[in-house]
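Colleague: I'd like a close look at one small part of this protein, a single loop and what lies around it. Keep it informal, please, since I'm still learning to read models.

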Amino acid sequence: MRAVAALAVALAGLAAGGALAGTEAPPQVRVATTGNDSERVKTLPITGRRVSERRVVMSMGPHRLPSLATGDRLQVTADFQVTGNCRTRGPRCVGSVYHYDPEVSARLILARHATTTGGRDALPLTPVKHDTCTQRRPDYEHHCVLVFSRGALAVGDGAGLPCPLDACYVNLVADAHHPHASRGDRIMVGGLKPNGKIPQDRGRINVVRYRHASPADARATATEHRLHRRLPPDFSRRVVLSKRLDGLMDGEQLSVLADVRNDVSHLPYAVRTSTRLILADSPHETRSSAFVKAHAFGHGEISENNGSNCTQAKGTCTYRKVGVLEMRRDSVDHTGRPKPLYVNLVMVVGPKVRRAHGRDRVIVRHGEIDVLRFPAALNG
């Protein structure tokens with residue numbers, strides 16, 4: 001499965017000091033997430049050069065990060081959304097008005113403090129990722145999402161780490177820059193309302209810690225079946241991909257990777273697109289039910305809802321989702337019968353600037369959900 005392959009690639013080049021320990025101790029896996037309202041800052045200053053104003057956008061500290069020991073391996077994933085400022089002066093504006101396309105750079109690090117952005121107190125977990133968020137019409141992305149799916153770390157004896165094993169932080173560090181930036185230029189971390197408020201809860205950090213274990217200890221399952229191949233751009237919620245999971249048990253943990261590729265090249269406008277991953281009790285449900293919320297931690301949310309505008313300059317746009325989830329009860333109905341649940345990728349599409357015509361459709365070219373199921377016996 002692709003999720004296993006991606007993790008194998010991420011871990012393959014790690015130092016021998018992080019090799020899996022012997023088989024004497026029982027294998028253990030722990031998942032964790034920063035969950036809702038993970039963002040620590042509302043804006044990033046846009047500066048004239050890179051890294052001059054780095055900020056910690058999100059952080060997972062010892063209270064949530066699973067305990068670390070020599071021989072452990074970490075898989076770290078994350079995503080977050082940024083939004084450009086208003087185009088003309090008005091109530092929506094936050095800081096100065098600008099018309100250039102800022103570049104956002106970000107990476108995941110293991111750090112000594114929640115405020116660490118780099119230097120000797122940090123160890124990179126991923127390469128730096130860059131994204132230019134276009135603000136000029138007609139190719140007006142406005143929102144951009146940066147996704148990290150291959151962060152990895154092998155824990156040696158601790159000598160090479162920037163933090164004690166029981167006091168480490170995983171920080172997502174970001175900055176924004178453009179040669180034409182002026183003092184007061186900012187990009188929002190989250191969205192931007194017409195009244196200038198910045199809605200957040202658009203990203204999170206996720207961790208899978210392997211102790212005497214590997215992805216091979218999980219049950220891997222996947223689907224490429226699209227429930228919809230053509231979507232009307234009407235801002236309605238629809239499940240585009242759904243993966244059925246039978247026999248979910250109390251203590252079972254999931255790690256999920258998904259993506260979907262849309263084609264808008266035939267439409268005369270950009271298409272606002274948002275996606276999220278949820279656990280649901282049917283393949284067509286766009287919200288987690290009361291049953292799911294009672295049986296899964298985090299109310300059944302696997303990832304946050306975020307997205308961007310797919311423009312004609314790109315034609316096709318890929319949206320990637322990452323997340324983890326832990327079950328809190330066996331998935332059985334009131335009679336004690338096993339009840340299947342579903343990992344659903346929910347999508348909303350709609351036109352920007354222009355109105356959609358009745359026959360307009362966004363074409364879903366490809367999609368995939370990959371799930372790693374860690375048995376309850378590994379939970380520890």
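Where is the place of P62 in this model?

Modeller: P62 has its place in the loop between β3 and β4. A quick word on ground rules. This is a predicted model, in which local features need pLDDT of at least 70 and side-chain atom pairs count only at pLDDT 80 or more, while totals for chains, interfaces and linings use all residues. Residues are numbered from 1 along each chain as its sequence is written, and side-chain values use heavy atoms, leaving out hydrogens and water. Strands are DSSP runs of E with at least two residues, helices runs of H or I with at least four, numbered from the N terminus.

Back to your loop. P62 counts as partly exposed because its relative accessibility is 35% (under 20% is buried, over 50% exposed, with a 1.4 Å probe and protein chains only). Setting aside neighbours within four places in sequence, P62 is in contact (heavy atoms within 4.5 Å) with D166, A167, C168 and Y169. Look too at P164, which sits in the loop between β8 and β9. P164 is also partly exposed, because its relative accessible area is 38%. Two C-alpha distances give you a feel for the scale here. From P62 to M188 you go 126 residues along the sequence and 28 Å through space, and P164 and P199 are 35 residues apart in sequence and 35 Å apart in space.

Now follow the strands on either side of the P62 loop inwards. The largest nonpolar core (buried Ala, Val, Leu, Ile, Met, Phe, Trp, Tyr and Cys joined through side-chain atoms within 4.5 Å) holds 39 residues, and V57, F80, L108, V170, L172 and I205 have the most contacts inside it. Two or more core residues come from each of β2 (43-47), β3 (55-60), β4 (73-83), β5 (103-111), β8 (143-154), β9 (169-177), β10 (186-189) and β11 (204-211). The biggest giver is β4, with 5 residues. F80 shows how the pieces meet: beyond residues up to four places away in sequence, F80 touches V57, M58, V104, A106, C144, V145, L146, L172, A174, R202 and G203. There is also a second, separate core of 32 residues, with L231, V292, L345 and V349 among them.

What about open space? The largest pocket holds about 430 Å³. (A pocket is an open set of points on a 1 Å grid over the protein atoms alone, where a 1.4 Å probe fits, with protein on both sides within 12 Å along at least five of seven lines; lining residues have an atom within 4 Å of a point. Volume is the space filled by probe spheres set on the points.) Its lining has 22 residues, and D131, V145, V147, T318 and Y319 lie nearest the centre. Two or more of the lining residues come from each of β7 (129-132), β8, β17 and β18 (316-326). So β8, which you met as a giver to the core, gives to this lining as well. By class, the lining splits into 6 nonpolar, 10 polar and 6 charged residues (here Pro joins the nonpolar list above, Asp, Glu, Lys and Arg are charged, and the others, Gly among them, are polar).

Y319 links this pocket to C310. Strand β17 holds C310, which is buried because its relative accessible area is 1%. Leaving out residues up to four places away in sequence, C310 touches V264, A270, V271, G315, T316, C317 and Y319. Its C-alpha is 9.5 Å from that of K352, 42 residues apart in sequence. Just before that strand, S303 lies in the loop between α2 (290-295) and β17 (306-310), and S303 counts as buried because its relative accessible area is 0%. Among its contacts are R204, L277 and V322.

One last detail, at the end of a core strand. H212 lies in the loop between β11 and β12 (219-223), and its phi is near 55 degrees, a positive value in a residue other than glycine. H212 is partly exposed because its relative accessibility is 24%. Another such phi, near 65 degrees, belongs to F235, in the loop between β13 (230-231) and β14 (238-245).
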